[in-house]
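Biologist: Please take a close look at one part of this model, the larger sheet and what surrounds it. Then work outward from there.

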There are 2 protein chains.
Amino acid sequence: MLQISERGREMPPSPIRKLVPYAEAAKKKGIKVFHLNIGQPDIETPPSILDAVRKTDIRVLEYSHSAGNESYRKKLVTYYKTVGINVTADEILVTTGGSEAIMFGFFSCLNPGDEIIIPEPFYANYNGFAVAAGVKVVPITSTIDTGFALPPIQDFEKVITPKTKAIIICSPNNPTGYLYSRQEMEDLKTICLKHDLYLFSDEAYREFSYSGEYTSAFHLTGMDEHIVLIDTISKRYSACGARLGALVTKNKEVYDVAMKFAQARLSPPGLAQIMAEAAVDLPASYFNKPKAEYLARRDLLVKRLNAMPGVFCPNPGGAFYAMARLPIDDSDKFCQWLLESFSYQNQTVMLAPATGFYGTSGLGKNEVRLAYVLNLNDINDAMNCIEKALEVYPDRTEVKTMENAGVIL
Amino acid sequence: MLQISERGREMPPSPIRKLVPYAEAAKKKGIKVFHLNIGQPDIETPPSILDAVRKTDIRVLEYSHSAGNESYRKKLVTYYKTVGINVTADEILVTTGGSEAIMFGFFSCLNPGDEIIIPEPFYANYNGFAVAAGVKVVPITSTIDTGFALPPIQDFEKVITPKTKAIIICSPNNPTGYLYSRQEMEDLKTICLKHDLYLFSDEAYREFSYSGEYTSAFHLTGMDEHIVLIDTISKRYSACGARLGALVTKNKEVYDVAMKFAQARLSPPGLAQIMAEAAVDLPASYFNKPKAEYLARRDLLVKRLNAMPGVFCPNPGGAFYAMARLPIDDSDKFCQWLLESFSYQNQTVMLAPATGFYGTSGLGKNEVRLAYVLNLNDINDAMNCIEKALEVYPDRTEVKTMENAGVIL
């Protein structure tokens, strides 16, 4: 009998996919659903970069260079300079989204059976790429009580084995919004140098750092050979659908191997490269507006959440995600209930259960991730929904205080 | 010490990459190089489909559905009907080029260590995807003397083991241009049904079938569950740089697993989908012109080659490639020599040595692949170069005839 592959069976489904039918059913009932579940911003893609595509006079849409158009890579060099990263065009491999950069990184640096350490909660798709590459994810836990700070070095040391080949981090972080400090980045360097590990540094959200300064892996000195930078234009220019990213490394051997994988798939998307090349010409001031907008949203969301009895939401330093601990028994159940059984003023909210972001089973059961990708009014309305929902959710866990007991029961 | 991965080491480099520096050096010397080495057509991308992108009024370039926009998949259903393939939108997974469709197919259907049979010579990048997926390629040889017809069923039977899980074919073929007959496709069905194998059918070149009728794997009856169709718009609309393809299967289990890999990488390129959706609206007559152009080029190229002493070029039934047997000792050496040491009227030709398309080492040493992606004048000039080159190539193998002996020596 025909069989699907074992890795296909192991491949985790999208953690929020199972909620989609419930969201669709809610919409069919006429309920407005606020989507705080996905990192798809509503911020306008800069019109000038879409115009660059509109004005293109290409006659034949040809394969580009497998590493991306040289003209684009040269422009990226100037972009990286503005964020304190000094690289050459030959150290940049343009990829189909950050996703392909992760894949190429895993394929190039890791053997099947190798282990990669990831501070959890983490971007769920790292799991998928690890399964595709036959690599074992070893999570170490960061907790909501520290705002998801980097776990102490000892926690890394405890899980390092001869099979450990890399650490992957994301700062500012998806799903926690945590921004690693310079000291935390230095700690990672210490571990990587001591144990000869690659550091995959996913910096998709660098432009959206609010509290303190963003530290790139490439700001660290003396570990160039260890760094595989994962990048994307998806969030930077609100151009998620372009599917354009980059793998950046000064390790020539890694670059050359990644290039072989890149050659096998011929080239990254061509129209997106035209757009992205124009994006490098945006003035530095371009980021002020989206950044201010995200910051206002964060402040509103965090304030509203922490004002709800039994809710704790650490203030995220970057990206556009927040994790919140809720007084609930089971985040998967709660998120489904929000869509299936709840509405307030004919509105409800779709959230991402945090369980999907932990590698350790059982964690995240009372946490959810919220992406503040909607405007302030919608976020406010969504917070009203969550507030009311927590008042009436039948499996609320927390001991109720006297003040709100009347409302709940 | 940091190590690159074993699969990275095993990953074959692009077979023509090593010739690129020689082509660049030739150009620096002022020599015009005719590129018959790559499948990048010079045919114009239909202006109307580029216009669709130019006219787009999107405000935010969002992630599309992981399987591709539903509107596009629905249009693809109507496209497939025109080529006699009946599928639904839920059986189509839009991918980043045909390349990603191959990857998803391998990941979904094959375990590391599994074997896949490929009639050789074959598209060299199948090797790369096989290495990435940990799959072993088992070549069976088709020969230039039969014009690269499908090897007899017994040849398949000889190499089938319990590890054999699939066959991959490409018709019309890259690199041979061979178009499998209905009977050959039926033979493949017989083997797949008897041994429970998947049939990966790469139909990137279906629009360019000249001699006889193209048979899709989906034209076969009673084996729907076995078929994973690999498709792309690259050649169909001369839009190689768009990076848009599709995996099409009626095997729901395979589709669902491939979908998990698709979800991990979020979505296929968005701008390309706008373009491709417009492409489905091109009138059926659109293909007449490029097809007639390729046919005229094929006829010229094949006629010119076969008129050269000691050269044999079977007439390819489709695609835009031809394989030719030349009176040479070593095709890698010859192709390098063409760029490094030869010119005629200040022109030379870049060809692809056939060795890169064979899985069996030692084969293809006196064969080259020619892609007829240049206009008739250029092809004629390129043929003049090859003709002269064969006259003066120092390691010509064939016994010289009296007529041209004077010219050669």
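**The sheet and its surroundings**

Modeller: In this predicted model, strands β5 (residues 164–170) and β6 (residues 198–202) of chain A run parallel and share 5 bridges. Within that pair, I169(A) faces S201(A) of β6(A). Two helices pack on the sheet. Helix α5 (residues 97–109) of chain A touches β2, β5, β6, β7 (227–232) and β8 (245–249) of chain A. The direction of α5(A) makes about 160 degrees with that of β7(A). Helix α8 (residues 182–195) of chain A touches β5 and β6 of chain A. Its direction makes about 165 degrees with that of β5(A).

Now the whole sheet. It is open, with 7 strands in the order β2-β8-β7-β6-β5-β3-β4 of chain A, and its pairing is mixed. β2 (92–95) and β4 (136–141) of chain A stand at the edges. Each has a single partner strand, so one side of each is left without a neighbour in the sheet. On average, neighbouring strands are turned by 20 degrees against each other, direction ignored.

Next, the loop after β5, seen in chain B. N173(B) lies between β5 (164–170) and α8 (182–195) of chain B. N173(B) counts as buried because it has 27 C-beta neighbours inside 10 Å, and the cut-off for buried is 20 or more. Leaving aside residues up to four places away in sequence, N173(B) touches F148(B), Y178(B) and A319(B). Of these contacts, F148(B) is 25 residues away in sequence, with a C-alpha to C-alpha separation of 9.3 Å.

Back to chain A for the domains. The assignment gives domain 1 (6–44 + 287–408) and domain 2 (47–281). Their C-alpha centres lie 27 Å apart. Contact between them involves 37 residues of domain 1 and 35 residues of domain 2 of chain A. On the domain 1 side, α1 (6–10), α11 (288–306), β9 and β12 of chain A each supply at least two residues. That side has 20 nonpolar, 9 polar and 8 charged residues.

β9 and β12 also belong to another sheet. This one is open, has 3 strands in the order β9-β12-β11 of chain A, and pairs antiparallel. The edge strands are β9 (321–325) and β11 (352–353) of chain A, each pairing on one side only. β9(A) is joined by 5 bridges to β12 (residues 367–371) of chain A. Y321(A) has A371(A) as its bridge partner in β12(A).

Last, the two chains. Their contact takes 65 residues from chain B and 65 residues from chain A. On the chain B side, α1 (6–10), α3 (47–54), α5 (97–109), α6 (125–133), α9 (252–264) and α10 (270–279) each give two or more residues. α9(B) gives the largest share, 7 residues. By class, the chain B side divides into 30 nonpolar, 20 polar and 15 charged residues.

The symmetry follows. A turn of 180 degrees, with a shift of 0.0 Å along the axis, lays chain B on chain A with an RMSD of 0.0 Å. The two copies are therefore related as by a two-fold rotation axis. Both copies use the same surface: 100% of the contact residues of chain B recur in chain A. Among the residues of chain B, R54(B) comes closest to the rotation axis, with its C-alpha at 1.9 Å.

Notes
Residues are numbered from 1 along each chain as its sequence is written. Chains are lettered from A and ligands numbered from 1 in the order in which they are written. This is a predicted model: local features need pLDDT of at least 70, side-chain atom pairs count only at pLDDT 80 or more; totals for chains, interfaces and linings use all residues. Two residues are in contact if their C-beta atoms, placed from the backbone, lie within 7 Å. Helices (H or I, at least four residues) and strands (E, at least two) are DSSP runs, numbered from the N terminus. Ala, Val, Leu, Ile, Met, Phe, Trp, Tyr, Cys and Pro count as nonpolar, Asp, Glu, Lys and Arg as charged, and the others, Gly among them, as polar. Copies are superposed by least squares on the C-alpha atoms of residues with pLDDT of at least 70 in both. Two strands pair if DSSP finds at least two bridges between them. Domain bounds come from an automatic or database domain assignment. A residue is buried if 20 or more other C-beta atoms lie within 10 Å of its own, exposed if 12 or fewer, and partly exposed in between; C-beta atoms are placed from the backbone. Axes are lines fitted to C-alpha atoms, for helices over the stretch in contact, and angles run from 0 to 180 degrees between N-to-C directions.
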